[in-house]
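I opened this structure for the first time today and kept notes as I went. The entries follow the order in which I looked things up.

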Amino acid sequence: MEPDRRFDVDAGQHSVGGFPFFFADGLFGVLHKPARSPGSCWVICNPFGMEETNSHRLNFEWARAISADGHWVLRFYYRGTGDSSGTFAETTVHDYLADIAKAVSEIERLSGTPCRGLAGLRLGA
């Protein structure tokens, strides 16, 4: 496997806020590395619109808690939302399902561990 050039996932660095990065054709995500010996990995799927704004802190704290328990976590924005590329009006539910699959593939590639599950709120779930 070729090393990731965006940041060094093997450097042993742990960031409370996570590492922001782009992946898979412009999706934006924040990677939370495990604070201790890594277990598995999880993907947090953001809700949409004001629900994302209202739950941003919750998702951040959720990711911190899961990573503190020894798991990799990827919070990401669907295309056309947040800092991801595209426009909301041009995306469909099928696009969002494809984005979830890309997020799962990305965190499994970066962590080298299988994804144990998806987490989300409201329409993001």
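Before naming any helix I noted the rule: helices are DSSP runs of H or I with at least four residues, numbered from the N terminus. I also noted that the model is predicted.

**Entry: helix α2.** I looked up Glu106 and found it in helix α2, residues 93-111. Is Glu106 buried or exposed? Buried means under 20% relative accessible area. Glu106 has 9% relative accessibility, so it counts as buried. Its side chain is joined to that of Arg109 by a polar contact of 3.0 Å.

**Entry: helix α1.** I then went to helix α1, residues 49-68. Does its length agree or disagree with what 20 residues should span? The expected span is 28 Å, and the end C-alpha atoms are 28 Å apart, which agrees. I did find a kink of about 55° in α1, centred on Ser55. Ser55 is also among the buried residues of α1, as are Glu52, Asn59 and Phe60. Further along α1, Ala63, Ile66 and Ser67 are buried too. I recalled that an α-helix has 3.6 residues a turn, so residues three or four places apart point the same way. What covers the buried residues of α1? The cover includes β2, β3 (41-45) and β4. Just after α1, I noted Gly70 with a positive phi of about 100°.

**Entry: strand β2.** Since β2 is part of that cover, I looked at it next. Six of the six residues of β2, residues 27-32, are buried, so the strand is largely enclosed by the rest of the structure. Leu27, Gly29 and Leu31 point one way from β2, while Phe28, Val30 and His32 point the other way.

I checked the partners of β2. Strand β1, residues 19-23, pairs with β2 in the antiparallel sense over five bridges, and Phe21 stands opposite Gly29. The two strands form a hairpin with three residues between them. In that turn, Ala24 has a positive phi of about 40°. β2 also pairs with β4, residues 72-77, in the antiparallel sense over five bridges. There Val30 stands opposite Arg75.

**Entry: cysteines.** How many disulfides does a search of the whole structure find? It finds zero. Cys41 is in no disulfide, and the nearest cysteine sulfur, that of Cys115, is 4.6 Å away. A disulfide needs the two sulfur atoms within 2.5 Å, and the 4.6 Å between Cys115 and Cys41 is too far for a bond. Cys41 has a relative accessible area of 0% and is buried.

How values were computed. Residues are numbered from 1 along each chain as its sequence is written. This is a predicted model: local features need pLDDT of at least 70, side-chain atom pairs count only at pLDDT 80 or more; totals for chains, interfaces and linings use all residues. Side-chain values use heavy atoms; hydrogens and water are left out. Buried means under 20% relative accessible area, exposed over 50%, partly exposed in between (1.4 Å probe, protein chains only). Two strands pair if DSSP finds at least two bridges between them. A polar contact is a pair of N or O atoms within 3.5 Å; within protein, one must be able to donate a hydrogen and the other to accept it, and residues adjacent in sequence count only if both atoms are side-chain atoms. The expected span of a helix is 1.5 Å times one less than its number of residues. The bend at a residue is the angle between axes fitted to the seven residues ending there and the seven starting there. Contact means heavy atoms within 4.5 Å.
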